[in-house]
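Welcome, and please open your viewer. This tour suggests what to select at each stop and tells you what is there.

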Amino acid sequence: MEDDCGRESENTLLLLADELIDMVLSYSHIDHKDLCRCAQVCRRLNIIATGNELWKKKALSRWGFWRLMPKENWCVVYRDRMLMEHKIHNALDIVSIKYYSKVVVSKKELERFVHLANENPDLSNCHVHNIVHELLQGDDRKVNLTHRYYARNVKSHLKIHQIKDEWKKFLALPEDQQHLEKGAMLIARWILNEEDIDEEDTCLELDGMAYMVQDSLRGNSSSTNSATPTAPLEERLAQSNEEFATVTHPAACLRILDCLKCVLYQQLQFKGNSSEYYKKDNSMLYQVIKNRTGNPITLAVLFAAIARRLGVKLEPVNFPSHFLLRWRCNLDPEVDDASAYKYIDCFNGGRFLSEEQCMDLLLLPMADARSSGDLFVKASPTQVFIRIVANIINSYQTTEQQGSRLSGLHSSVDLALFLDPDDNNSRLLLARIQVHLGIDLEEAIDTLKGLLSNRASIRRGTLDNLLERANSKNDIEDIPPQPKLRSDPSNSQVGFKVGMVMRHKLYNYGCVIYGWDPVCKMDEQWIQQMGVDRSPGGRNQPFYNVLGDDGSQRYAAQTNLREDPNQPLNPHPELGKYFKGFTGTRYTPNECLQQEYPGDMDI
């Protein structure tokens with residue numbers, strides 16, 4: 001009697017045992033399409049070809065990274081991840097074409113990836129992160145380099161969305177639970193979103209410093225190697241509030257604070273960074289811990305975090321130009337604040353100051369001494385975070401290198417507006433950035449109109465000029481560059497093509513060509529400055545736009561370049577903007593670059 005498979009004798013595969021058929025179907029050259037076709041042949045092959053372990057092998061061989069290892073039906077997992085992969089790749093293709101001539105991708109465009117991640121929060125979000133990770137960490141010769149380039153933007157945007165959710169939960173806590181070091185780390189993770197900053201490592205560092213203080217407090221009376229258990233710090237040193245584990249006795253607090261100062265400033269050598277006061281790293285808590293130097297506010301956050309671990313409550317004070325902490329040294333409820341509090345200058349070794357001494361720190365004298373009491377009130381956690389971000393914005397505007405300045409400034413202003421949406425100065429600065437980059441112009445126009453209608457304390461002429469520029473840019477359609485044809489007689493001397501791997505004869509840096517001109521197109525000042533006319537061929541020879549393996553973008557004369565194909569993958573951050581593939585000896589231009597140099601594909 002024939003079964004559903006027909007005449008098995010005519011089908012060699014069906015003569016094999018199920019285990020052998022499963023082994024054959026597991027071979028890497030048999031893909032998901034083959035399995036689906038096989039499953040339609042007969043009932044027996046359907047059972048084998050839809051087996052969970054078989055699809056698990058296919059999934060694990062196709063994709064190397066899994067944020068969470070699935071436990072459900074692997075056939076469904078494979079299908080869902082593959083479909084999401086197609087959606088992500090298609091979206092990246094759209095972005096790469098639309099933003100080829102722009103500096104950065106707009107937030108509005110990146111939101112589509114957030115929507116993809118939210119299609120099914122339990123599964124889609126995980127698949128999107130897996131796919132982005134594959135693009136960023138995959139084999140250089142297999143991954144689409146243009147997809148990788150824009151996947152960095154996607155990863156950063158998704159990370160900010162995650163951090164934003166963390167911020168909302170954090171700020172919803174009671175203020176006494178909004179620990180300053182947590183907010184400082186959220187700030188660093190938001191602004192430096194392309195870096196992998198481990199918040200837990202910072203907490204462990206702070207715990208370690210607190211243990212050092214504890215050991216130092218014990219050291220006067222007992223050996224750290226003693227096997228006798230030591231009573232909790234609060235029980236040994238002072239009266240304690242058991243609910244909050246807070247040391248309340250002034251003498252005990254003073255002893256802890258003196259010991260903390262000794263450990264922090266003498267043993268660990270922390271200090272205020274006077275020589276590079278406005279450097280961005282001074283505002284990043286994890287960098288302050290690493291470099292042992294910072295500005296007044298981050299050193300205060302560090303000091304207060306350790307003190308809290310030791311049971312001492314300190315409060316932040318938003319003192320002008322010099323952030324302080326305050327400690328209640330007098331518990332008498334009848335005394336005024338000037339007598340009740342000591343102020344701690346964490347930038348200068350943790351010295352104690354009176355209100356009068358604090359006034360000497362002001363850069364400008366107070367016009368009305370009667371209002372000085374307002375300077376010493378406790379600052380809310382949000383006020384502290386806003387001030388940290390303001391310092392970072394100032395760093396990007398004044399001291400940071402050009403390469404990272406704009407993206408870092410953009411992230412910082414976004415965070416400033418998240419913390420204080422009504423800050424008109426931040427709203428104006430964000431609109432300036434958007435108009436300068438030509439992104440999110442509709443949002444910039446709405447912001448500027450809002451500032452005008454609200455009569456913000458900003459010069460109307462400034463707003464009118466910026467609004468005119470925004471409207472002008474918003475009305476201009478992107479015009480693709482004219483193709484440069486090899487058939488054009490004026491291009492006959494161009495000897496190299498885009499995608500070729502070169503080396504500079506004089507400076508020896510490796511590079512890849514991403515553009516060319518038949519003659520030098522730079523202005524006269526650049527030509528004279530670079531001494532172009534003194535070199536062989538002068539200005540009337542082909543010049544090439546190249547991405548250097550040292551991270552530079554240069555304009556090099558043909559006479560100064562030689563082909564050198566045996567180089568590793570060029571690490572230039574802009575590589576994927578122009579190229580989608582790497583063969584090992586040359587780069588494959590992406591669709592936009594191919595349209596610009598159509599004849600250069602014929603190699």
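## Start with confidence

Color the protein chain by pLDDT: the average is 88, and 90% of the residues score at least 70. Keep in mind throughout that this is a predicted model. Now select strand 11 (residues 543–548), where confidence is highest in the protein chain, at a mean of 98. Then jump to strand 1 (residues 240–241), where confidence is lowest, at 38. Widen that selection to residues 220–244, a stretch with pLDDT below 50. This stretch has 31 contacts in the model beyond near neighbours in sequence. Residues 366–370 also stay under 50 in pLDDT, and the model has four contacts for them beyond four places in sequence. Where pLDDT is low, the predicted coordinates should not be read in detail.

## Step back to the whole chain

Zoom out and switch to a cartoon view. The protein chain has 24 helices and 15 strands. Its radius of gyration is 32 Å, well over the 25 Å that the globule rule gives for 603 residues, so the chain is more spread out than a compact globule. Along the principal axes, the C-alpha atoms fill a box of roughly 100 × 80 × 55 Å. Of the 603 residues, 47% count as buried. Turn to contacts with a separation of 6 or more, and you will find that residues 24 or more positions apart account for 57% of them.

## Two annotated regions

Select residues 16–58, which an unreviewed UniProt entry annotates as "domain: F-box". Over residues 16–58 the chain is 67% helix and 0% strand, and the end C-alpha atoms are 21 Å apart.

Next, select residues 493–590, where the UniProt annotation (unreviewed entry) reads "domain: Hemimethylated DNA-binding". Here the chain is 10% helix and 34% strand. The end C-alpha atoms of this region are 24 Å apart.

## Into the cores

Which residues have the most contacts inside the largest nonpolar core? Show W167, L302, F303 and I306 as sticks: they hold that place in a core of 74 residues. Add helix 14 (residues 296–309), which supplies the largest share of this core, ten residues. Center on L302 and look past its neighbours within four places in sequence: L302 is in contact with L206, M209, L264, F270, L285 and I289. In soluble globular proteins, nonpolar side chains tend to be buried together.

Now select L116, L135, L561 and F582. They are among the members of a second, separate core of 50 residues.

## Check the cysteines

How many disulfides does the model have? The count comes to zero. Select C203 and C346 to see one example: the sulfur of C203 is 18 Å from its closest cysteine sulfur, in C346, which is too far for a bond. C203 is partly exposed, with a relative accessible area of 30%.

Next, pick C262 and C259. C262 is in no disulfide, and its nearest cysteine sulfur, that of C259, is 6.2 Å away. At 27% relative accessibility, C262 counts as partly exposed.

## A stop at helix 5

Select helix 5 (residues 74–98) and find S96 in it. Is S96 buried or exposed? S96 is buried, because its relative accessible area of 10% is under the 20% cut-off. Beyond four places in sequence, S96 is in contact with T146, Y150 and C592.

## Finish at helix 20

Select helix 20 (residues 441–453), where T447 has its place. T447 is buried, with a relative accessible area of 15%. Leaving aside neighbours within four places in sequence, T447 is in contact with R427 and A431.

E443 is found in helix 20 too. E443 is partly exposed, with a relative accessible area of 32%. What does E443 touch, not counting residues up to four places away in sequence? Show K107, L430 and Q434, and you have its contacts. For your last step, draw a distance between the C-alpha atoms of E443 and K108: the two residues are 335 residues apart along the chain, while these atoms are separated by 9.5 Å.

Definitions and conventions:
Residues are numbered from 1 along each chain as its sequence is written. Side-chain values use heavy atoms; hydrogens and water are left out. A nonpolar core is a set of buried Ala, Val, Leu, Ile, Met, Phe, Trp, Tyr and Cys residues joined through side-chain atoms within 4.5 Å. Buried means under 20% relative accessible area, exposed over 50%, partly exposed in between (1.4 Å probe, protein chains only). Helices (H or I, at least four residues) and strands (E, at least two) are DSSP runs, numbered from the N terminus. Contact means heavy atoms within 4.5 Å. A disulfide is a pair of cysteine sulfur atoms within 2.5 Å. pLDDT is the predictor's confidence in each residue, from 0 to 100. UniProt positions are given in the numbering used here, feature names are shortened, and annotations may be inferred rather than shown by experiment. The radius of gyration is taken over C-alpha atoms; the globule rule is 2.2 Å times the number of residues to the power 0.38.
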